[in-house]
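Thanks, everyone, for making the time. I would like to take you through one model this morning, starting with its ligand site and then turning to charged pairs.

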Amino acid sequence: MDGRRFAVTNPATGEEIADVADCSRDDAEAAIKAAHEALPAWRARSAADRGAILRTWHDLMIADEDRLARLITAEMGKPLTEAIGEVRYGAAYLKWFAEEAERIYGEIIPASAGNTKIFVSREPVGVCAAITPWNFPSAMLMRKVAPALAAGCTMLAKPAEDTPLSAIAAAKLALEAGVPPGVFSVLPCSQPAAVGAALTESDLVRKLSFTGSTQVGRRLLADCAPTVKRVSMELGGNAPFIIFDDADIDAALEGAMASKYRNAGQTCVCANRFYVHRAVHDQFCERFAKRVGALKVGDGASGGEVGPLINRAALDKVIRLLDDATRRGARILTGGAPIDDRFFEPTVIVDVPPGSAILEEEIFGPVAPVIPFDTEKEVIAAANATPFGLAAYCYTRDLGRAWRMSDALEYGMVGMNDGIISAVSAPFGGIKQSGMGREGSRHGIDDYLEMKYVRMGGLSA
Ligand code: NAP
(Lines give C-alpha, C1' and ligand atoms only; values in the text may rest on other atoms or scores of the structure.)
Protein backbone atom coordinates (compact mmCIF):
# COMPACT_ATOMS: atom_id res chain seq x y z
CA MET A 1 0.00 0.00 0.00
CA ASP A 2 1.32 3.45 -0.85
CA GLY A 3 -0.56 5.23 1.95
CA ARG A 4 -3.11 6.99 -0.28
CA ARG A 5 -6.59 7.33 1.20
CA PHE A 6 -9.97 8.66 0.07
CA ALA A 7 -12.85 10.25 1.94
CA VAL A 8 -16.31 8.75 2.50
CA THR A 9 -19.17 11.23 2.78
CA ASN A 10 -22.64 10.97 4.30
CA PRO A 11 -24.97 11.86 1.39
CA ALA A 12 -27.68 13.14 3.77
CA THR A 13 -25.43 15.70 5.47
CA GLY A 14 -22.44 16.15 3.19
CA GLU A 15 -20.26 15.41 6.20
CA GLU A 16 -17.03 13.41 5.81
CA ILE A 17 -17.47 10.31 7.96
CA ALA A 18 -14.30 8.32 7.30
CA ASP A 19 -11.30 7.96 5.09
CA VAL A 20 -10.13 4.59 3.84
CA ALA A 21 -7.09 3.08 2.13
CA ASP A 22 -7.15 3.69 -1.61
CA CYS A 23 -6.07 0.46 -3.31
CA SER A 24 -3.92 0.72 -6.41
CA ARG A 25 -3.48 -1.72 -9.26
CA ASP A 26 -0.40 -3.10 -7.48
CA ASP A 27 -2.43 -3.72 -4.33
CA ALA A 28 -5.07 -5.52 -6.38
CA GLU A 29 -2.40 -7.71 -7.98
CA ALA A 30 -0.96 -8.57 -4.55
CA ALA A 31 -4.46 -9.47 -3.33
CA ILE A 32 -5.06 -11.68 -6.38
CA LYS A 33 -1.83 -13.53 -5.60
CA ALA A 34 -2.90 -13.98 -1.96
CA ALA A 35 -6.32 -15.28 -3.06
CA HIS A 36 -4.62 -17.71 -5.43
CA GLU A 37 -2.32 -18.96 -2.67
CA ALA A 38 -5.20 -19.33 -0.20
CA LEU A 39 -7.30 -21.33 -2.68
CA PRO A 40 -5.92 -24.91 -2.33
CA ALA A 41 -6.35 -25.06 1.45
CA TRP A 42 -9.81 -23.47 1.37
CA ARG A 43 -11.21 -25.72 -1.37
CA ALA A 44 -9.71 -28.76 0.39
CA ARG A 45 -11.74 -28.12 3.55
CA SER A 46 -14.95 -30.08 3.90
CA ALA A 47 -18.18 -28.41 2.89
CA ALA A 48 -19.39 -28.79 6.47
CA ASP A 49 -16.31 -26.94 7.68
CA ARG A 50 -16.77 -24.06 5.23
CA GLY A 51 -20.47 -23.98 6.08
CA ALA A 52 -19.75 -23.74 9.81
CA ILE A 53 -17.53 -20.69 9.25
CA LEU A 54 -20.20 -19.01 7.10
CA ARG A 55 -22.80 -19.70 9.80
CA THR A 56 -20.55 -18.10 12.43
CA TRP A 57 -20.13 -15.09 10.13
CA HIS A 58 -23.93 -14.91 9.82
CA ASP A 59 -24.34 -14.97 13.61
CA LEU A 60 -21.73 -12.23 14.03
CA MET A 61 -23.56 -10.05 11.51
CA ILE A 62 -26.88 -10.50 13.26
CA ALA A 63 -25.34 -9.82 16.67
CA ASP A 64 -23.88 -6.60 15.25
CA GLU A 65 -26.85 -5.61 13.08
CA ASP A 66 -27.44 -2.28 14.71
CA ARG A 67 -23.91 -1.01 14.09
CA LEU A 68 -23.85 -2.43 10.55
CA ALA A 69 -27.20 -0.81 9.74
CA ARG A 70 -25.97 2.56 11.01
CA LEU A 71 -22.94 2.22 8.79
CA ILE A 72 -25.15 1.58 5.72
CA THR A 73 -27.34 4.57 6.53
CA ALA A 74 -24.32 6.79 7.14
CA GLU A 75 -22.60 5.92 3.87
CA MET A 76 -25.60 5.71 1.54
CA GLY A 77 -28.54 7.39 3.26
CA LYS A 78 -31.35 4.81 3.39
CA PRO A 79 -33.71 4.81 6.40
CA LEU A 80 -32.40 2.83 9.38
CA THR A 81 -35.29 0.35 9.26
CA GLU A 82 -34.42 -0.45 5.63
CA ALA A 83 -30.74 -0.71 6.58
CA ILE A 84 -31.54 -3.28 9.29
CA GLY A 85 -33.56 -5.17 6.67
CA GLU A 86 -30.54 -5.08 4.36
CA VAL A 87 -28.18 -6.46 7.04
CA ARG A 88 -30.57 -9.34 7.76
CA TYR A 89 -31.11 -10.00 4.05
CA GLY A 90 -27.35 -10.04 3.40
CA ALA A 91 -26.64 -12.26 6.41
CA ALA A 92 -29.33 -14.68 5.27
CA TYR A 93 -27.22 -15.47 2.18
CA LEU A 94 -24.44 -16.69 4.49
CA LYS A 95 -26.83 -19.05 6.25
CA TRP A 96 -28.45 -20.20 3.03
CA PHE A 97 -25.19 -20.97 1.24
CA ALA A 98 -23.63 -22.49 4.38
CA GLU A 99 -26.33 -25.13 3.94
CA GLU A 100 -26.07 -25.32 0.15
CA ALA A 101 -22.32 -26.07 0.51
CA GLU A 102 -23.30 -29.51 1.79
CA ARG A 103 -25.58 -30.15 -1.17
CA ILE A 104 -23.04 -29.83 -3.99
CA TYR A 105 -23.91 -33.17 -5.52
CA GLY A 106 -22.25 -34.96 -8.43
CA GLU A 107 -23.79 -37.63 -10.67
CA ILE A 108 -23.09 -41.09 -11.98
CA ILE A 109 -24.24 -41.56 -15.55
CA PRO A 110 -24.87 -44.95 -17.19
CA ALA A 111 -21.81 -45.51 -19.36
CA SER A 112 -22.05 -45.97 -23.11
CA ALA A 113 -19.74 -49.00 -22.94
CA GLY A 114 -19.32 -51.89 -20.53
CA ASN A 115 -16.30 -51.99 -18.31
CA THR A 116 -16.64 -48.23 -17.80
CA LYS A 117 -18.13 -45.71 -15.37
CA ILE A 118 -18.98 -42.06 -16.06
CA PHE A 119 -19.15 -39.68 -13.19
CA VAL A 120 -19.48 -35.95 -12.83
CA SER A 121 -18.18 -33.90 -9.94
CA ARG A 122 -18.55 -30.18 -9.30
CA GLU A 123 -15.52 -28.19 -8.37
CA PRO A 124 -14.97 -24.58 -7.30
CA VAL A 125 -14.28 -22.19 -10.18
CA GLY A 126 -11.20 -20.80 -8.38
CA VAL A 127 -10.32 -17.20 -7.57
CA CYS A 128 -13.39 -14.97 -8.13
CA ALA A 129 -13.79 -11.21 -8.27
CA ALA A 130 -16.85 -9.21 -7.23
CA ILE A 131 -17.59 -5.61 -8.20
CA THR A 132 -20.56 -4.17 -6.32
CA PRO A 133 -22.73 -1.01 -6.35
CA TRP A 134 -23.53 1.53 -3.65
CA ASN A 135 -27.31 1.04 -3.37
CA PHE A 136 -27.09 -2.13 -1.23
CA PRO A 137 -23.49 -1.90 -0.03
CA SER A 138 -23.83 -4.91 2.26
CA ALA A 139 -26.39 -7.23 0.64
CA MET A 140 -25.02 -7.08 -2.93
CA LEU A 141 -21.65 -8.20 -1.58
CA MET A 142 -23.02 -10.97 0.68
CA ARG A 143 -25.03 -12.35 -2.25
CA LYS A 144 -21.72 -12.97 -4.05
CA VAL A 145 -19.24 -13.84 -1.31
CA ALA A 146 -21.53 -16.36 0.43
CA PRO A 147 -21.96 -18.74 -2.56
CA ALA A 148 -18.34 -18.22 -3.65
CA LEU A 149 -16.87 -19.25 -0.30
CA ALA A 150 -19.44 -22.01 0.17
CA ALA A 151 -18.39 -23.50 -3.17
CA GLY A 152 -14.71 -23.46 -2.14
CA CYS A 153 -13.68 -20.40 -4.18
CA THR A 154 -11.71 -17.45 -2.84
CA MET A 155 -12.95 -13.91 -3.56
CA LEU A 156 -11.72 -10.35 -4.04
CA ALA A 157 -14.33 -7.62 -3.80
CA LYS A 158 -14.23 -4.07 -5.11
CA PRO A 159 -17.02 -2.05 -3.47
CA ALA A 160 -18.37 1.22 -4.88
CA GLU A 161 -16.25 4.26 -4.09
CA ASP A 162 -19.21 5.98 -2.38
CA THR A 163 -19.82 3.06 0.02
CA PRO A 164 -16.70 1.08 1.00
CA LEU A 165 -17.43 0.96 4.76
CA SER A 166 -19.95 -1.91 4.78
CA ALA A 167 -17.58 -4.04 2.70
CA ILE A 168 -14.66 -3.33 5.04
CA ALA A 169 -16.88 -4.21 8.02
CA ALA A 170 -17.82 -7.46 6.26
CA ALA A 171 -14.16 -8.39 5.75
CA LYS A 172 -13.41 -7.81 9.45
CA LEU A 173 -16.32 -10.01 10.56
CA ALA A 174 -15.25 -12.68 8.08
CA LEU A 175 -11.80 -12.87 9.69
CA GLU A 176 -13.40 -12.99 13.13
CA ALA A 177 -15.64 -15.85 11.99
CA GLY A 178 -12.62 -17.89 10.91
CA VAL A 179 -12.35 -17.15 7.18
CA PRO A 180 -8.58 -17.54 6.62
CA PRO A 181 -6.55 -14.53 5.41
CA GLY A 182 -6.52 -14.28 1.62
CA VAL A 183 -9.81 -16.17 1.17
CA PHE A 184 -11.86 -12.97 1.13
CA SER A 185 -10.30 -9.54 0.55
CA VAL A 186 -11.84 -6.13 -0.01
CA LEU A 187 -10.23 -3.56 -2.33
CA PRO A 188 -11.70 -0.11 -1.67
CA CYS A 189 -10.54 2.31 -4.32
CA SER A 190 -11.17 5.63 -5.99
CA GLN A 191 -9.81 4.41 -9.35
CA PRO A 192 -12.25 1.68 -10.39
CA ALA A 193 -10.82 1.32 -13.88
CA ALA A 194 -7.28 0.51 -12.62
CA VAL A 195 -8.37 -2.04 -10.02
CA GLY A 196 -11.04 -3.36 -12.40
CA ALA A 197 -8.39 -3.92 -15.05
CA ALA A 198 -6.20 -5.86 -12.61
CA LEU A 199 -9.15 -8.14 -11.87
CA THR A 200 -10.35 -8.61 -15.45
CA GLU A 201 -6.91 -9.02 -17.03
CA SER A 202 -5.55 -11.54 -14.55
CA ASP A 203 -5.44 -15.14 -15.68
CA LEU A 204 -5.56 -16.21 -12.04
CA VAL A 205 -9.05 -14.69 -11.64
CA ARG A 206 -11.41 -17.24 -13.18
CA LYS A 207 -14.72 -15.47 -12.66
CA LEU A 208 -16.16 -11.97 -12.35
CA SER A 209 -19.50 -11.33 -10.68
CA PHE A 210 -20.67 -7.77 -11.26
CA THR A 211 -23.69 -5.83 -10.01
CA GLY A 212 -24.11 -2.35 -11.40
CA SER A 213 -25.13 -0.45 -14.48
CA THR A 214 -25.56 -2.03 -17.90
CA GLN A 215 -23.08 0.46 -19.31
CA VAL A 216 -20.22 -0.62 -17.00
CA GLY A 217 -21.32 -4.27 -17.24
CA ARG A 218 -20.93 -4.22 -21.04
CA ARG A 219 -17.41 -2.87 -20.68
CA LEU A 220 -16.44 -5.47 -18.07
CA LEU A 221 -17.84 -8.25 -20.25
CA ALA A 222 -15.55 -7.11 -23.05
CA ASP A 223 -12.61 -6.85 -20.62
CA CYS A 224 -13.21 -10.44 -19.47
CA ALA A 225 -13.22 -11.80 -23.02
CA PRO A 226 -9.43 -12.06 -23.58
CA THR A 227 -9.02 -14.37 -20.56
CA VAL A 228 -12.38 -16.12 -21.23
CA LYS A 229 -13.60 -15.65 -17.66
CA ARG A 230 -16.89 -16.87 -16.37
CA VAL A 231 -19.16 -13.89 -15.72
CA SER A 232 -22.33 -13.13 -13.79
CA MET A 233 -23.94 -9.79 -14.57
CA GLU A 234 -26.68 -8.22 -12.44
CA LEU A 235 -27.38 -5.03 -14.38
CA GLY A 236 -29.92 -2.25 -14.68
CA GLY A 237 -33.67 -2.54 -15.17
CA ASN A 238 -36.72 -0.62 -16.37
CA ALA A 239 -39.50 -2.30 -14.41
CA PRO A 240 -43.12 -1.90 -15.53
CA PHE A 241 -45.77 -1.95 -12.79
CA ILE A 242 -49.13 -2.88 -14.31
CA ILE A 243 -52.49 -2.48 -12.59
CA PHE A 244 -55.58 -3.95 -14.25
CA ASP A 245 -59.11 -2.73 -13.54
CA ASP A 246 -59.88 -6.03 -11.77
CA ALA A 247 -56.99 -5.56 -9.31
CA ASP A 248 -57.24 -5.12 -5.57
CA ILE A 249 -56.41 -1.40 -5.68
CA ASP A 250 -55.52 -1.21 -1.98
CA ALA A 251 -52.95 -3.97 -2.44
CA ALA A 252 -51.66 -2.38 -5.65
CA LEU A 253 -51.20 0.89 -3.81
CA GLU A 254 -49.19 -0.80 -1.06
CA GLY A 255 -47.09 -2.62 -3.65
CA ALA A 256 -46.50 0.58 -5.60
CA MET A 257 -45.32 2.46 -2.51
CA ALA A 258 -42.93 -0.33 -1.52
CA SER A 259 -41.59 -0.98 -4.99
CA LYS A 260 -41.11 2.65 -6.00
CA TYR A 261 -40.09 4.55 -2.88
CA ARG A 262 -37.94 2.01 -1.01
CA ASN A 263 -34.35 3.29 -0.88
CA ALA A 264 -35.59 6.60 -2.40
CA GLY A 265 -36.26 4.77 -5.66
CA GLN A 266 -32.66 3.60 -5.93
CA THR A 267 -33.05 -0.15 -6.40
CA CYS A 268 -32.52 -2.06 -9.62
CA VAL A 269 -35.99 -3.64 -9.23
CA CYS A 270 -37.79 -0.35 -8.47
CA ALA A 271 -40.95 0.22 -10.50
CA ASN A 272 -39.87 2.61 -13.25
CA ARG A 273 -43.15 2.99 -15.20
CA PHE A 274 -46.70 2.53 -13.92
CA TYR A 275 -49.33 1.35 -16.41
CA VAL A 276 -52.81 1.67 -14.93
CA HIS A 277 -56.01 0.57 -16.68
CA ARG A 278 -57.99 3.62 -17.80
CA ALA A 279 -61.06 2.58 -15.75
CA VAL A 280 -59.09 2.90 -12.47
CA HIS A 281 -56.36 5.35 -13.56
CA ASP A 282 -57.74 8.57 -12.07
CA GLN A 283 -58.82 6.92 -8.81
CA PHE A 284 -55.42 5.23 -8.42
CA CYS A 285 -53.45 8.37 -9.23
CA GLU A 286 -55.37 10.46 -6.74
CA ARG A 287 -54.78 7.99 -3.89
CA PHE A 288 -51.18 7.33 -4.95
CA ALA A 289 -50.29 11.04 -5.07
CA LYS A 290 -51.83 11.55 -1.62
CA ARG A 291 -49.77 8.73 -0.09
CA VAL A 292 -46.59 9.86 -1.87
CA GLY A 293 -47.08 13.49 -0.85
CA ALA A 294 -47.23 12.39 2.80
CA LEU A 295 -43.84 10.63 2.76
CA LYS A 296 -41.31 12.16 5.11
CA VAL A 297 -38.13 13.20 3.30
CA GLY A 298 -34.92 13.41 5.33
CA ASP A 299 -31.84 11.79 6.78
CA GLY A 300 -32.49 8.05 7.18
CA ALA A 301 -30.71 8.19 10.55
CA SER A 302 -33.32 10.52 12.01
CA GLY A 303 -36.60 9.14 10.78
CA GLY A 304 -36.60 10.12 7.10
CA GLU A 305 -38.69 7.67 5.04
CA VAL A 306 -37.15 8.85 1.78
CA GLY A 307 -33.45 9.56 2.11
CA PRO A 308 -31.01 11.46 -0.10
CA LEU A 309 -29.90 10.52 -3.58
CA ILE A 310 -26.42 9.10 -3.54
CA ASN A 311 -24.65 12.06 -5.17
CA ARG A 312 -25.05 15.16 -7.32
CA ALA A 313 -24.94 13.20 -10.59
CA ALA A 314 -27.89 11.07 -9.43
CA LEU A 315 -29.87 14.21 -8.53
CA ASP A 316 -29.05 15.82 -11.88
CA LYS A 317 -30.26 12.72 -13.72
CA VAL A 318 -33.65 12.81 -11.97
CA ILE A 319 -33.98 16.55 -12.72
CA ARG A 320 -33.11 15.96 -16.40
CA LEU A 321 -35.63 13.12 -16.80
CA LEU A 322 -38.41 15.10 -15.11
CA ASP A 323 -37.66 18.25 -17.16
CA ASP A 324 -37.80 16.24 -20.38
CA ALA A 325 -41.18 14.71 -19.41
CA THR A 326 -42.77 18.00 -18.35
CA ARG A 327 -41.46 19.77 -21.47
CA ARG A 328 -43.29 17.12 -23.50
CA GLY A 329 -46.52 17.78 -21.57
CA ALA A 330 -46.41 15.55 -18.45
CA ARG A 331 -48.25 16.92 -15.42
CA ILE A 332 -46.89 16.81 -11.86
CA LEU A 333 -49.46 15.56 -9.32
CA THR A 334 -47.16 15.83 -6.32
CA GLY A 335 -43.49 16.65 -5.66
CA GLY A 336 -41.29 17.65 -8.57
CA ALA A 337 -38.36 19.51 -7.01
CA PRO A 338 -34.98 18.87 -5.38
CA ILE A 339 -34.49 19.71 -1.71
CA ASP A 340 -31.18 21.07 -0.35
CA ASP A 341 -29.28 19.72 -3.35
CA ARG A 342 -29.34 16.24 -1.76
CA PHE A 343 -32.91 14.98 -1.69
CA PHE A 344 -35.72 14.87 -4.23
CA GLU A 345 -39.38 15.28 -3.38
CA PRO A 346 -41.32 12.03 -3.82
CA THR A 347 -43.07 12.68 -7.11
CA VAL A 348 -45.94 11.35 -9.21
CA ILE A 349 -46.46 12.50 -12.82
CA VAL A 350 -49.23 11.74 -15.32
CA ASP A 351 -49.92 12.38 -19.03
CA VAL A 352 -46.38 11.21 -19.85
CA PRO A 353 -46.05 11.02 -23.64
CA PRO A 354 -44.51 7.89 -25.21
CA GLY A 355 -40.88 8.49 -26.11
CA SER A 356 -40.17 10.47 -22.92
CA ALA A 357 -36.71 9.59 -21.60
CA ILE A 358 -38.19 8.87 -18.16
CA LEU A 359 -39.98 5.82 -19.61
CA GLU A 360 -36.85 4.51 -21.28
CA GLU A 361 -34.04 5.14 -18.78
CA GLU A 362 -33.63 3.85 -15.26
CA ILE A 363 -34.80 6.79 -13.07
CA PHE A 364 -33.06 5.70 -9.84
CA GLY A 365 -34.94 8.32 -7.85
CA PRO A 366 -38.34 8.80 -6.15
CA VAL A 367 -40.34 9.71 -9.27
CA ALA A 368 -43.27 7.66 -10.59
CA PRO A 369 -44.61 8.24 -14.12
CA VAL A 370 -48.15 6.84 -14.57
CA ILE A 371 -49.58 5.97 -17.99
CA PRO A 372 -53.16 4.78 -18.72
CA PHE A 373 -53.85 1.73 -20.92
CA ASP A 374 -56.93 0.02 -22.40
CA THR A 375 -56.10 -3.57 -23.36
CA GLU A 376 -53.97 -6.47 -22.15
CA LYS A 377 -52.30 -6.73 -25.55
CA GLU A 378 -51.39 -3.05 -25.57
CA VAL A 379 -49.87 -3.11 -22.07
CA ILE A 380 -47.83 -6.25 -22.76
CA ALA A 381 -46.33 -4.60 -25.85
CA ALA A 382 -45.50 -1.42 -23.90
CA ALA A 383 -44.05 -3.33 -20.94
CA ASN A 384 -41.76 -5.41 -23.15
CA ALA A 385 -40.63 -2.53 -25.38
CA THR A 386 -37.29 -2.09 -23.61
CA PRO A 387 -33.85 -3.66 -23.91
CA PHE A 388 -34.01 -4.41 -20.17
CA GLY A 389 -35.55 -7.49 -18.55
CA LEU A 390 -34.95 -7.52 -14.81
CA ALA A 391 -38.20 -7.18 -12.85
CA ALA A 392 -41.87 -6.56 -13.69
CA TYR A 393 -44.97 -6.25 -11.51
CA CYS A 394 -48.61 -6.93 -12.27
CA TYR A 395 -51.80 -6.63 -10.23
CA THR A 396 -54.91 -8.54 -11.28
CA ARG A 397 -57.42 -10.80 -9.52
CA ASP A 398 -58.19 -12.74 -12.72
CA LEU A 399 -56.35 -16.07 -12.43
CA GLY A 400 -56.17 -16.66 -16.17
CA ARG A 401 -54.81 -13.18 -16.75
CA ALA A 402 -52.22 -13.64 -13.96
CA TRP A 403 -50.85 -16.71 -15.80
CA ARG A 404 -51.02 -15.05 -19.22
CA MET A 405 -49.14 -12.02 -17.92
CA SER A 406 -46.53 -14.17 -16.12
CA ASP A 407 -45.88 -15.90 -19.45
CA ALA A 408 -45.92 -12.76 -21.57
CA LEU A 409 -43.67 -10.46 -19.52
CA GLU A 410 -40.11 -10.76 -20.82
CA TYR A 411 -38.40 -10.40 -17.45
CA GLY A 412 -36.26 -12.56 -15.18
CA MET A 413 -38.56 -11.84 -12.21
CA VAL A 414 -42.28 -11.08 -12.00
CA GLY A 415 -44.08 -9.83 -8.90
CA MET A 416 -47.67 -10.93 -9.41
CA ASN A 417 -49.81 -9.07 -6.86
CA ASP A 418 -46.61 -8.38 -4.92
CA GLY A 419 -44.37 -5.30 -4.89
CA ILE A 420 -41.37 -6.88 -3.12
CA ILE A 421 -39.74 -9.80 -4.89
CA SER A 422 -36.29 -10.30 -3.34
CA ALA A 423 -35.93 -13.51 -1.34
CA VAL A 424 -32.84 -15.53 -0.48
CA SER A 425 -34.57 -18.71 -1.62
CA ALA A 426 -35.54 -17.34 -5.06
CA PRO A 427 -33.28 -16.95 -8.13
CA PHE A 428 -32.56 -13.22 -8.54
CA GLY A 429 -31.47 -12.01 -11.98
CA GLY A 430 -32.42 -10.58 -15.32
CA ILE A 431 -32.62 -11.38 -19.01
CA LYS A 432 -31.87 -9.27 -22.11
CA GLN A 433 -29.57 -6.36 -21.24
CA SER A 434 -30.30 -6.76 -17.51
CA GLY A 435 -27.70 -9.47 -17.30
CA MET A 436 -26.94 -13.15 -16.98
CA GLY A 437 -26.64 -15.62 -14.13
CA ARG A 438 -28.74 -15.93 -11.00
CA GLU A 439 -28.00 -15.07 -7.38
CA GLY A 440 -29.60 -16.74 -4.37
CA SER A 441 -31.75 -19.89 -4.38
CA ARG A 442 -30.38 -23.40 -4.84
CA HIS A 443 -29.16 -22.27 -8.28
CA GLY A 444 -26.97 -19.43 -6.96
CA ILE A 445 -24.04 -21.68 -6.14
CA ASP A 446 -23.89 -23.06 -9.70
CA ASP A 447 -22.26 -19.82 -10.88
CA TYR A 448 -19.26 -20.67 -8.68
CA LEU A 449 -18.91 -24.32 -9.72
CA GLU A 450 -17.42 -26.05 -12.73
CA MET A 451 -18.47 -29.53 -13.83
CA LYS A 452 -15.82 -32.16 -14.25
CA TYR A 453 -16.65 -35.37 -16.11
CA VAL A 454 -14.47 -38.39 -15.43
CA ARG A 455 -14.70 -41.49 -17.61
CA MET A 456 -13.27 -44.43 -15.74
CA GLY A 457 -12.38 -47.35 -17.99
CA GLY A 458 -10.68 -50.72 -17.57
CA LEU A 459 -12.76 -51.73 -14.59
CA SER A 460 -13.03 -55.47 -15.29
CA ALA A 461 -10.82 -57.78 -13.29
P1 NAP B 1 -22.03 1.48 -11.71
O2 NAP B 1 -21.67 2.88 -11.97
O3 NAP B 1 -22.09 0.55 -12.85
O4 NAP B 1 -20.98 0.96 -10.62
C5 NAP B 1 -21.03 -0.34 -10.12
C6 NAP B 1 -19.65 -0.75 -9.66
O7 NAP B 1 -18.79 -0.79 -10.79
C8 NAP B 1 -19.02 0.24 -8.68
O9 NAP B 1 -18.26 -0.48 -7.75
C10 NAP B 1 -18.13 1.08 -9.58
O11 NAP B 1 -17.06 1.68 -8.91
C12 NAP B 1 -17.64 -0.01 -10.51
N13 NAP B 1 -17.04 0.49 -11.75
C14 NAP B 1 -17.37 1.57 -12.46
N15 NAP B 1 -16.57 1.66 -13.57
C16 NAP B 1 -15.72 0.61 -13.52
C17 NAP B 1 -14.66 0.14 -14.36
N18 NAP B 1 -14.31 0.77 -15.46
N19 NAP B 1 -14.01 -0.99 -14.00
C20 NAP B 1 -14.35 -1.67 -12.87
N21 NAP B 1 -15.35 -1.26 -12.05
C22 NAP B 1 -16.03 -0.15 -12.36
O23 NAP B 1 -23.43 1.35 -10.98
P24 NAP B 1 -23.92 2.08 -9.67
O25 NAP B 1 -24.31 3.46 -10.05
O26 NAP B 1 -22.95 1.91 -8.56
O27 NAP B 1 -25.20 1.22 -9.28
C28 NAP B 1 -26.43 1.44 -9.85
C29 NAP B 1 -26.69 0.45 -10.96
O30 NAP B 1 -26.59 -0.87 -10.44
C31 NAP B 1 -28.08 0.57 -11.50
O32 NAP B 1 -28.05 0.47 -12.90
C33 NAP B 1 -28.79 -0.61 -10.88
O34 NAP B 1 -29.91 -1.05 -11.62
C35 NAP B 1 -27.73 -1.63 -10.84
N36 NAP B 1 -28.03 -2.67 -9.86
C37 NAP B 1 -28.40 -3.88 -10.33
C38 NAP B 1 -28.74 -4.89 -9.42
C39 NAP B 1 -29.15 -6.24 -9.92
O40 NAP B 1 -29.15 -7.16 -9.10
N41 NAP B 1 -29.48 -6.43 -11.17
C42 NAP B 1 -28.70 -4.64 -8.05
C43 NAP B 1 -28.32 -3.37 -7.62
C44 NAP B 1 -27.98 -2.39 -8.54
P45 NAP B 1 -17.17 3.24 -8.46
O46 NAP B 1 -18.30 3.33 -7.53
O47 NAP B 1 -15.88 3.52 -7.81
O48 NAP B 1 -17.41 4.03 -9.71
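The space that the ligand takes up is the largest pocket in what is, I should say at once, a predicted model. Which elements give two or more residues to the shell around the ligand? They are the helices α5, covering 139-151, α7, covering 192-201, and α8, covering 214-224, together with the strand β8, covering 205-211.

There are 29 residues around the ligand, and those that come nearest are T132, W134, S213, L235 and E362. Sorted by class, this shell has 16 nonpolar residues, alongside seven polar and six charged ones.

Let me go through some polar contacts one at a time. K158 places a polar side-chain atom 3.0 Å from an oxygen atom of the ligand, while for R143 the distance from a side-chain N or O atom to a ligand oxygen is 3.1 Å. For E234, a side-chain N or O atom lies 3.4 Å from an oxygen atom of the ligand. As for cover, the ligand taken alone exposes 910 Å², and the protein buries 87% of that.

Now to the charged pairs. Side chains of opposite charge can pair when their charged atoms come close. The structure holds 31 salt bridges, and one of them joins K452 to E123, with the closest N and O atoms 3.1 Å apart. Because K452 lies in strand β22 (residues 449-456) and E123 in strand β4 (residues 117-124), this pair ties together parts that are 329 residues apart in sequence.

Note on methods
Residues numbered from 1 in each chain as written. Predicted model: local features only at pLDDT ≥ 70, side-chain atom pairs only at ≥ 80, totals over all residues. Heavy atoms only, no water. Near = heavy atom within 4 Å. Polar contact = N/O pair within 3.5 Å; in protein donor to acceptor, adjacent residues only side chain to side chain. Areas by Shrake-Rupley, 256 points an atom, 1.4 Å probe, with all protein chains shown as cover. 1 Å grid on protein atoms, 1.4 Å probe; cavity = no way out; pocket = protein on both sides within 12 Å on 5 of 7 lines; lining within 4 Å. Sits in = over half its atoms within 2 Å of the grid points. Helix = DSSP H or I, 4+ residues; strand = E, 2+ residues; numbered from the N terminus. Nonpolar A, V, L, I, M, F, W, Y, C, P; charged D, E, K, R; others polar. Salt bridge = Lys/Arg side-chain N within 4 Å of Asp/Glu carboxyl O.
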